[in-house]
Amino acid sequence: MPPKTRITKDMIINAAVEVAKQSGYEKINARTVSGLLHCSTQPVMYHFSTIDAMKRAAYARVDQMHTEYMMTVSPQRDPLLGIGLNYIRFAVEEPQLFRFLFQSGYAQENSLLEMIDSEALIPVLAAMQEGAGLSMEKTKQVFLTVAMFAHGYASIIANNGLEYDEVLVAKHLEQAWNGAFLAAVQEE
């Protein structure tokens with residue numbers, strides 16, 4: 001008789017992410033996760049005393065995936081435009097995970113204004129600041145303008161309200177970037 005597979009916390013988190021990806025974050029529970037792992041609910045509840053704790057761990061994993069996805073920018077593309085397009089493209093390719101990140105209430109920050117000062121955003125802002133040659137304060141202003149624009153596009157797409165047209169989205173995103181950048185340069 002082969003030994004039983006040991007179910008790890010990491011396996012559970014991966015399964016919870018997969019449930020969110022396939023069916024939405026609302027469907028993450030001990031039964032759906034254990035079903036993907038082909039085990040009883042006992043190992044799931046052993047590692048996570050509550051379903052909320054499991055969802056928070058899955059959220060953190062998806063947030064990490066999203067950050068890595070956004071930061072993978074083609075060297076031929078302006079860093080800010082590339083990051084913005086990747087943000088929107090993530091919503092196109094992973095609408096359920098996008099909704100988990102931005103429409104579930106699991107974000108630690110309650111608003112975009114709180115997010116601008118989060119540690120998770122430091123690599124994005126640093127890449128933008130280097131590419132734009134602005135002070136960090138002005139970089140944050142440009143980021144907020146472009147982020148609100150990109151988030152609006154991504155949210156509408158993730159909720160099936162708009163078909164994705166990368167050429168059009170890139171054009172609009174570039175216009176938002178140019179306007180925000182010019183305003184920041186004039187103020188500096």
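The expected span of a helix is 1.5 Å times one less than its number of residues. The exercises below apply this and a few other ideas to a predicted model.

**Exercise 1. Work out how the span of helix α9 compares with the expected span, and say what follows the helix.**

Step 1. Helix α9 covers residues 136–158, which gives it 23 residues.
Step 2. With 1.5 Å a residue, the expected span is 33 Å, because the rule multiplies that rise by one less than the number of residues.
Step 3. In the model, the distance from the first C-alpha of α9 to its last is 30 Å, which is close to the expected value.
Step 4. Just after α9 comes N160, whose phi is positive, at about 65°.

**Exercise 2. Describe the protein as a whole, beginning with its elements and ending with its charges.**

Step 1. The protein contains 10 helices and zero strands, and so the order of elements from the N terminus reads α-α-α-α-α-α-α-α-α-α.
Step 2. Its C-alpha trace spans about 70 × 35 × 30 Å along the principal axes.
Step 3. Of the 188 residues in the protein, 40% are buried, while carbon and sulfur atoms account for 54% of an accessible surface of about 10600 Å².
Step 4. When contacts between residues at least 6 apart in sequence are considered, 65% of them join residues at least 24 apart.
Step 5. There are 15 positive and 21 negative side chains, and 12 Å separates the centres of the two sets.

**Exercise 3. Decide whether I88 is buried or exposed, and find which residues it contacts beyond its neighbours within four places in sequence.**

Step 1. Begin by placing I88 in helix α5, which runs over residues 79–93.
Step 2. The relative accessible area of I88 is 0%, and because buried means under 20%, I88 counts as buried.
Step 3. Leaving aside neighbours within four places in sequence, I88 is in contact with A150, Y153, A154, I157, Y164, V169 and L173.
Step 4. As a further check on distance, the C-alpha atoms of I88 and A158 are 8.8 Å apart, although 70 residues separate the two along the chain.

**Exercise 4. Find where H38 lies, and decide whether H38 is buried or exposed.**

Step 1. H38 sits in the loop between α2 (30–37) and α3 (42–47).
Step 2. Its relative accessibility is 74%, and because exposed means over 50%, H38 counts as exposed.
Step 3. Turning to the backbone, the phi of H38 is near 55°, a positive value in a residue other than glycine.
Step 4. For comparison, most residues other than glycine have a negative phi.

Conventions. Residues numbered from 1 in each chain as written. Predicted model: local features only at pLDDT ≥ 70, side-chain atom pairs only at ≥ 80, totals over all residues. Heavy atoms only, no water. Helix = DSSP H or I, 4+ residues; strand = E, 2+ residues; numbered from the N terminus. Buried < 20%, exposed > 50% of the residue type's maximum accessible area, 1.4 Å probe, protein only. Contact = heavy atoms within 4.5 Å. Areas by Shrake-Rupley, 256 points an atom, 1.4 Å probe, with all protein chains shown as cover. Lys, Arg positive; Asp, Glu negative; His and termini not counted. Charge placed at Lys NZ, Arg CZ, Asp CG, Glu CD.
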